[in-house]
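Student: I have a model open on my screen and I'd like to learn how to read it. Could you walk me through it, feature by feature?

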Amino acid sequence: MALLKILHFPDPRLHLVAKPVAAVDADIRQLAADMAETMYAAPGIGLAATQVDRHVRLIVVDISEEKNRLLTLINPRIVMKEGEAVREEGCLSVPGIYDKVTRAEHIRVDALDLEGKPFQLDAVGLLAVCIQHEIDHLDGKVFVEYLSRLKQARIRHKLEKQAREAM
Ligand code: NI
């Protein structure tokens, strides 16, 4: 296993649209394992392949306190959305920034597991928000894009400054 480098906003590669996984093979399982390790090390509760510069539709999520409920979703697709919830979100690609986003409170997702078998998952609350946030990454969307233009400009400025100082 290996820790992967996480892209930081406003890196343009965060806006690429990921392609469906054609075959759940050893490469995909390795990527999923490395992404899980990277997410736990960060630490974070979700990570999309887009964030580690691999543009395939694969996300890992674990919202449990004990970090023992890893969910791997390949080619995830939201088939039902219900209700509305406002939660403060953060993102490993936007370090130090937290803000409120409105999303569906309850979702149903179709996906493939690490064996390539289809499954369906119902998620509510934080898990639902986290999955929606990660699927957005696969579509090239970062959560700050839900915020006002002014806030986005401030965040961009702050992260560009941080990146310059880190060089
Ligand atoms: Ni994120």
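Tutor: Sure, we'll take the metal site, then the pockets, the backbone, and a few contacts.

Tutor: Keep in mind throughout that this is a predicted model.

Student: Got it. Which protein donors hold the nickel ion?

Tutor: With a metal, look for the protein atoms that sit around it. Here the nickel ion has Cys91 through SG, plus His133 and His137, each through NE2. These donors lie 2.1 to 2.2 Å from the nickel ion. Along the sequence, the spacing of the donor residues reads C-x41-H-x3-H. Cys91 sits in the loop between β4 (85-89) and β5 (99-103), while His133 belongs to helix α2 (residues 125-138), so this pair ties together parts that are 42 residues apart in sequence.

Student: I've seen ideal angles quoted for metal sites. What are they?

Tutor: For four tetrahedral donors the ideal is 109.5 degrees, and for six octahedral ones it is 90 or 180 degrees. Treat that as background when you inspect a site.

Student: Are Cys91 and His133 buried or exposed?

Tutor: Relative accessible area is the number to check, and under 20% counts as buried. Cys91 has 11%, so it is buried. His133 has 6% relative accessibility and counts as buried too.

Student: And what lies across from Cys91 in space?

Tutor: One residue to look at is Gly46. It is 45 residues away from Cys91 along the chain, and their C-alpha atoms are separated by 8.4 Å.

Student: On to pockets. How is empty space found?

Tutor: Rolling a probe the size of a water molecule over the atoms shows where empty space is left. In this model, the largest pocket holds about 370 Å³ of space.

Student: Which residues lie nearest the centre of the largest pocket?

Tutor: Of its 22 lining residues, those are Ile45, Glu89, Gly90, Cys91 and Leu92. You'll recognise Cys91 as one of the nickel donors.

Student: Which element gives the most to that lining?

Tutor: That's α2, with 6 residues. Both β4 and α2 supply at least two residues each. Sorted by class, the lining of the largest pocket has 11 nonpolar, 7 polar and 4 charged residues.

Student: How much space lies in the second largest pocket?

Tutor: About 250 Å³. Its lining is made of 13 residues, with Lys5, Ile6, Leu7, His8 and Ala163 nearest the centre. The classes in the second largest pocket come to 7 nonpolar, 2 polar and 4 charged.

Student: Now the backbone. What should I expect there?

Tutor: Most peptide bonds are trans, and most residues other than glycine have a negative phi. The places that break from this are worth a look.

Student: Which peptide bonds are cis here?

Tutor: Two to look at both lead into a proline. The bond from Phe9 to Pro10 is cis, with omega near 5°, and Pro10 is in the segment before α1 (26-41). The bond from Ala42 to Pro43 is also cis, with omega near -10°. You'll find Pro43 in the loop between α1 and β1 (46-48).

Student: And where do I see a positive phi on a residue that is not a glycine?

Tutor: Try Lys67, with a phi of about 55°. Lys67 is in the loop between β2 (58-61) and β3 (71-82), and it is partly exposed at 33% relative accessible area. Asn75 has a positive phi of about 50°. Asn75 lies in strand β3 and is partly exposed, with a relative accessible area of 22%.

Student: What about aromatic rings? How is a pair described?

Tutor: By the distance of the centres and the angle of the planes. This structure holds 0 aromatic pairs. A ring can still have a charge over its face, though: Lys141 lies over Tyr146, at 4.1 Å from the ring centre.

Student: Can we finish with two more residues, Lys100 and Leu14?

Tutor: Happy to. Lys100 lies in strand β5 and counts as exposed at 54% relative accessibility. Its C-alpha is 5.2 Å from that of Arg87, a residue 13 positions away along the chain. Leu14 is in the segment before α1 and is buried, with a relative accessible area of 0%. Leu14 and Glu160 are 146 residues apart in sequence, and their C-alpha atoms are 15 Å apart in space.

Key:
Residues numbered from 1 in each chain as written. Predicted model: local features only at pLDDT ≥ 70, side-chain atom pairs only at ≥ 80, totals over all residues. Heavy atoms only, no water. Phe/Tyr/Trp six-rings, centres within 6.5 Å; stacked < 30°, edge-to-face > 60°. Lys NZ or Arg CZ within 6 Å of the ring centre and 35° of its normal. Donors = N, O, S within 2.8 Å, 3.2 Å for Na, K, Ca; no water. Helix = DSSP H or I, 4+ residues; strand = E, 2+ residues; numbered from the N terminus. Buried < 20%, exposed > 50% of the residue type's maximum accessible area, 1.4 Å probe, protein only. 1 Å grid on protein atoms, 1.4 Å probe; cavity = no way out; pocket = protein on both sides within 12 Å on 5 of 7 lines; lining within 4 Å. Points joined across faces, edges and corners; volume = space filled by probe spheres on them. Nonpolar A, V, L, I, M, F, W, Y, C, P; charged D, E, K, R; others polar.
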